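Visitor: Hi, could you walk me through this model? I'd like to start with what the words mean.

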Amino acid sequence: MAPFVLYLSLALAILMIVGAIVVVVTKDLLVAVIASAVVDLVLAILFYILQAPDVAITQAAIGAGLTTAIFVVVLRKTERFEDD
Amino acid sequence: MIRRLFVLVLLIIIGYFLGTAMASIPFGAEKVDVGPYRSVGNYYVDNTVQETGGVNAVTSIVVLYRGFDTLGEVTVLFLAATGLAAILALTRERRKLKKEKPSLIMRVGTDYLFPAAIVLGSYVFLHGHLTPGGGFPGGVIIASGFLMLFLAQWRYKVDELGLKIIESLAGMTYVTIGLIGLFKLGTFLGNFLGKGTPGALLSAGIIPVIYIVIGIKVGSEMTGLLQNLRETTENE
Amino acid sequence: MSEAIKTFFSPSVLGPEIFYGSSVALFLIGLYMVLVKKNLVKIAIGLTFIESGVNLFLISIGYVWGKTAPILNKTLMMGTPSKEVVDPVPQALVLTAIVIGVAVTAMALSIVIVIHDKYGTLNISKIKELKW
């Protein structure tokens with residue numbers, strides 16, 4: 001891969017790790033779910049950069065789409081904020 | 001607090017050993033064939049066109065070379081969906097949830113997006129042997145179309161018995177295709193339809209057929225799963 | 001110092017740093033959430049993170065510098081495709097693993113819903129009957 005793609009994927013990986021850290025620290029579970037969707041979407045782009053388009057499509061459709069929807073439905077049925 | 005410290009120390013140890021183990025795997029290196037033994041990935045890539053007629057090597061592996069494995073995976077998916085329905089049947093919601101009308105944008109947008117989602121999903125699983133994608137993402141895209149419908153119209157419901165019948169028929173078709181291959185060619189899921197010209201839509205024998213079946217099965221399973229999850233929310 | 005920075009950003013070093021590093025980081029963050037967090041939904045998110053980290057690691061093993069995706073066109077079919085495309089086996093493995101992952105996550109979340117129904121909380125330290 002070209003050096004430009006490598007730097008792009010470095011930026012994407014940093015974005016992914018930041019998103020994961022946001023999931024850890026936030027108290028609002030809705031924010032956590034949306035941030036985990038961001039992590040999954042960035043992961044799909046990384047799969048595409050690693051020449052795995054099949055996996056990228058699956059990850060984008062499932063990880064960023066369906067899983068997020070399921071989590072949001074569960075939050076609606078339970079509670080939105082994390083208590084200590 | 002002491003627990004958090006303990007966990008952090010544990011994570012540092014695990015991370016250190018994972019890092020040193022991964023450092024011994026070269027990134028981006030050629031997969032070499034050792035002597036007479038070929039790397040299985042190289043074998044699949046070199047022979048996929050001659051042996052299966054499929055252009056997409058990943059699809060050929062998932063459906064033909066490792067077809068039995070995929071049958072098991074579809075079974076796992078079915079078991080998980082059934083288990084979810086069984087577990088959720090334990091709970092009947094007692095609380096009243098506030099009902100909100102879906103916004104106008106959602107309702108109007110869904111009218112246009114739902115057919116598009118169905119067409120895109122069908123395209124993705126019909127062209128599984130030619131382009132990236134296949135039955136699993138295609139089925140999930142169809143299910144997300146139904147998810148939009150669920151969100152836009154509170155009263156909309158998919159007929160549960162119909163879903164079950166579609167899903168069971170798809171699973172039975174999968175096994176039947178496998179058995180026909182067994183009787184005609186002597187191997188379960190043998191490619192009895194011929195290869196065709198690589199790159200054409202009607203090629204690669206049973207790969208498109210099985211991916212259509214998988215797409216329908218995954219789509220109906222995920223739709224049923226979403227409906228089950230939603231249902232308890234919807235009580236008056 | 002500038003030498004060290006230069007080697008850090010040279011492509012052959014940066015590749016494994018990015019992909020292996022982020023997969024390990026994702027795995028460890030998920031493990032931390034499973035071990036430390038008390039909220040059941042966060043534990044479920046941590047499980048999906050562990051799974052994503054492992055998937056990324058498997059895909060990066062299959063990658064080879066300068067090769068393309070394992071979808072053959074006419075020119076690739078003429079020659080020896082294994083010299084031109086990346087390893088498809090990890091991709092097939094991960095494709096199925098992702099789909100199983102969402103089913104398992106959905107089932108775990110259904111258990112979370114049942115627990116919330118019974119105890120009225122998602123905090124595992126408040127669910128007294130589970131303590132021993």
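Guide: Happy to. This is a predicted model, and we'll need one term straight away: a residue is called buried when its relative accessible area is under 20%.

Visitor: Good. With that cut-off, what percentage of chain C is buried?
Guide: Of the 132 residues in chain C, 56% are buried.

Visitor: And what is chain C built from?
Guide: Chain C has five helices and zero strands, so to speak an α-α-α-α-α run from the N terminus on.

Visitor: What radius of gyration does chain C have?
Guide: Chain C comes out at 21 Å, where a compact globule of 132 residues would be near 14 Å. Its C-alpha atoms fill a box of roughly 65 × 45 × 20 Å along the principal axes.

Visitor: Let's switch to chain B. Which elements does chain B have?
Guide: Helices again: chain B has eight helices and zero strands. Its radius of gyration is 23 Å, against near 18 Å for a compact globule of 236 residues.

Visitor: What about burial in chain B?
Guide: Buried residues account for 47% of the 236 residues there.

Visitor: How many of the contacts in chain B join residues far along the sequence, say at least 24 apart?
Guide: Among contacts between residues at least 6 apart in chain B, 69% join residues at least 24 apart. For chain C, residues 24 or more positions apart make up 49% of the contacts with a separation of 6 or more.

Visitor: Can you show me one residue in chain B up close?
Guide: Sure, take B:Thr70, which lies in helix H4, residues 67–88.

Visitor: Is B:Thr70 buried or exposed?
Guide: B:Thr70 counts as buried because its relative accessible area is 2%, and the cut-off is under 20%.

Visitor: Which residues is B:Thr70 in contact with, leaving aside neighbours within four places in sequence?
Guide: B:Val62, B:Phe136, B:Tyr174 and B:Ile214.

Visitor: Now the two chains together. How many residues take part in the contact?
Guide: The contact takes 49 residues from chain C and 55 residues from chain B. Between them the chains bury about 4,500 Å², with 77% of that on carbon and sulfur atoms.

Visitor: Which residues of chain C lose the most area to chain B?
Guide: C:Tyr20, C:Ile71 and C:Asp117, which together give 12% of what the chain C side buries.

Visitor: Last topic, charges. How many does chain B carry?
Guide: Chain B has 20 positive and 16 negative side chains, and the centres of the two sets are 8 Å apart. In chain C, the mean positions of 11 positive and 7 negative charges are 8 Å apart.

Conventions: Residues are numbered from 1 along each chain as its sequence is written. Chains are lettered from A and ligands numbered from 1 in the order in which they are written. This is a predicted model: local features need pLDDT of at least 70, side-chain atom pairs count only at pLDDT 80 or more; totals for chains, interfaces and linings use all residues. Side-chain values use heavy atoms; hydrogens and water are left out. Helices (H or I, at least four residues) and strands (E, at least two) are DSSP runs, numbered from the N terminus. The radius of gyration is taken over C-alpha atoms; the globule rule is 2.2 Å times the number of residues to the power 0.38. Buried means under 20% relative accessible area, exposed over 50%, partly exposed in between (1.4 Å probe, protein chains only). Contact means heavy atoms within 4.5 Å. Lys and Arg count as positive and Asp and Glu as negative; His and the chain ends are not counted. The place of a charge is taken as NZ of Lys, CZ of Arg, CG of Asp or CD of Glu. Buried area is the accessible area (1.4 Å probe) that two parts lose on being put together, summed over both.
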